[in-house]
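Reader: I'd like to go through this one piece by piece, if you have a moment. Could you put it up first?
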Amino acid sequence: MSEFKSGSNLEKVLKAGHFAFTGECGPPKGANVEHLKEKIAHLKTMVDSVNVTDNQTAVVRMSSWAASTIMIQEGVEPNFQMVCRDRNRLAMMSDILGAYAMGIRNMLCLSGDHQRFGNHPQSKNVYDIDSIQLIGLVKKMRDEGKFMNGEDIDVPPKLFIGAAANPFADPYEYRVYRLANKIKAGADFIQTQCIYNMEKFRDFMKKAVDMGLHEKCYVLAGVTPMKSVGMAKYMSTSVPGMDVPESLVKRLQGAAKGKVAEEGIKFALEQIEEFKEMEGVAGVHLMAIEWEHKVPELAERAGLLPRPKV
Amino acid sequence: MIIADRKPITEILLMIKDCKKILILGCKGCVTVCNVGGAKEVGILSSILKIARKKEGAPLEVDEKTLERQCDPEYVETIKDTIDSYDAVISMACGVGPQFLSEMYPDRRFFPAVNTTSFGGALRHGVWSERCAGCGTCVIHYFDGMCPVARCSKSLMNGPCGGSSKGKCEISNEIDCIWDKIVRKKMEQGRLEDLLVIKDAKDWQTARDGGPRTSVREDIAL
């Protein structure tokens with residue numbers, strides 16, 4: 001019996017006690033494999049695992065499991081994302097089996113953005129089960145070798161189970177409870193929403209540590225560098241559950257002409273330095289949205305290279 | 001009650017474009033209470049259709065009637081002597097009405113004048129809000145009298161998603177996040193710990209997912 005739940009690189013890095021570093025890659029709006037491979041190439045050897053988003057913001061893209069398998073072929077470990085919006089439990093279980101069969105070893109379980117945000121708002125949503133129930137389902141399939149209905153699985157999928165946490169959504173007092181429930185349901189690691197309000201995140205992590213949650217699960221702090229003042233303003237006003245302090249907007253506005261993106265990167269680097277020391281934080285999840293080519297520079301400047309080989 | 005909204009006049013006109021004589025049939029049930037398909041609304045629709053058709057140079061003869069209920073054969077039967085004199089009947093009841101009419105009068109034509117939207121109630125005069133999804137297995141007792149199946153945009157059973165912001169749902173500032181209300185009520189009553197119990201996946205067999213539903217009450221069924 002392996003000491004590992006899935007044996008993924010991410011799991012090994014975390015279990016060995018290294019400060020983990022994960023990236024993110026959105027599949028193309030089409031079957032443009034070359035474009036996908038280009039994005040993947042920027043991330044290769046820079047991170048421990050790369051999240052492959054599942055129709056993020058409810059916009060149709062190449063399926064997350066298919067893009068994940070291309071990523072494997074390119075020598076990068078995917079973290080296959082699955083949302084509850086588009087699949088019922090049958091489709092979820094069959095895709096989980098398929099993903100595992102194709103070599104996928106990490107999976108992130110999410111509710112998913114409502115389809116009203118996306119490019120097919122006319123669609124019917126599914127939400128047969130929610131994200132916490134999905135975490136429990138993947139754990140049951142892995143640890144008990146059973147489908148949701150209790151029937152045996154012929155070769156169970158061994159996946160390292162991830163979940164998201166958003167400390168900045170409301171009601172704040174409940175958020176650490178939701179984290180606790182995700183861990184109780186079976187999450188092995190957590191990736192948080194993009195953090196900008198450090199004060200609030202410190203408080204959230206303190207609450208999580210007080211509940212002993214950091215000992216049961218690896219928490220990776222979410223970082224997205226701001227590219228512009230417009231992006232900061234958009235995120236603060238138009239993205240639900242996002243908390244961008246006015247002080248950060250002012251800081252970006254104060255940057256010299258042509259230096260706003262650099263200021264955004266500096267802020268991200270300061271965050272990463274703090275996360276390295278923050279109790280309960282086991283790594284950083286970098287969501288460089290359509291900025292994959294910046295990841296090597298960021299990783300280098302954050303002192304996160306070379307990535308550990310385990 | 002069942003909530004409905006009236007269809008656009010252009011859509012109704014299109015349905016009856018080949019008709020010369022119609023009956024507009026209201027219902028004294030839910031659609032009267034939500035001011036969409038009672039006697040008053042039957043009168044208004046009748047006037048609008050007649051004026052529109054007169055302008056088109058194709059006058060329309062319209063009779064008006066409102067039944068006690070259109071979801072009960074006992075009342076649907078009361079139009080049997082006159083129904084053959086119409087080219088079509090426009091039902092202003094919920095989606096049940098035109099179907100009960102069609103079932104009783106299979107050789108006649110029936111059109112819906114309303115879009116049936118939800119089960120809910122009046123928040124104030126002129127504003128109705130959904131409260132129930134008719135899932136067939138009520139779970140409101142777990143959620144302090146609030147239903148996440150009907151009122152959470154994602155029907156989440158284990159707390160608010162990451163899009164809950166300032167008491168509102170991620171899909172619109174006009175929609176309350178019901179999970180925000182559930183959590184706050186639990187906090188106010190010192191029972192937030194209730195939410196540390198994970199709810200299992202719902203069995204949707206009793207909902208529409210299990211196929212069309214029929215309720216049989218053996219004690220009163222004839």
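Author: Bear in mind that this is a predicted model. A good place to begin is helix H7 of chain A, residues 198–210, which has 13 residues and reaches 18 Å from its first C-alpha to its last, close to the 18 Å expected at 1.5 Å a residue.

Reader: Which residues of H7(A) are buried?
Author: Phe201(A), Phe204(A), Met205(A) and Ala208(A) are the buried residues of H7(A). They lie on the same side of the helix, because the arc they cover around the axis is only 95 degrees.

Reader: Why would residues at such spacings point the same way?
Author: An α-helix has 3.6 residues a turn, so residues three or four places apart point the same way.

Reader: And what's exposed on the other side of H7(A)?
Author: Glu199(A) and Asp210(A) are exposed there, on the other side of H7(A).

Reader: What covers the buried residues, then?
Author: The cover over the buried residues of H7(A) includes H6, strand E7 (218–223) and strand E8 (281–286), which belong to chain A. Just after H7(A) comes Gly212(A), whose phi is positive, at about 75 degrees.

Reader: Changing topic: how many residues does each chain put into the contact?
Author: Chain A gives 28 residues and chain B gives 27 residues. On the side of chain A that touches chain B, helix H5 (131–144) and helix H6 (172–185) of chain A each supply at least two residues, and the largest share, 8 residues, comes from H6(A).

Reader: How do the residues on that side of chain A divide into nonpolar, polar and charged?
Author: The side of chain A that touches chain B has 12 nonpolar, 8 polar and 8 charged residues.

How values were computed: Residues are numbered from 1 along each chain as its sequence is written. Chains are lettered from A and ligands numbered from 1 in the order in which they are written. This is a predicted model: local features need pLDDT of at least 70, side-chain atom pairs count only at pLDDT 80 or more; totals for chains, interfaces and linings use all residues. Two residues are in contact if their C-beta atoms, placed from the backbone, lie within 7 Å. Helices (H or I, at least four residues) and strands (E, at least two) are DSSP runs, numbered from the N terminus. Ala, Val, Leu, Ile, Met, Phe, Trp, Tyr, Cys and Pro count as nonpolar, Asp, Glu, Lys and Arg as charged, and the others, Gly among them, as polar. The expected span of a helix is 1.5 Å times one less than its number of residues. A residue is buried if 20 or more other C-beta atoms lie within 10 Å of its own, exposed if 12 or fewer, and partly exposed in between; C-beta atoms are placed from the backbone. The arc is that of the directions from the helix axis to the C-beta atoms.
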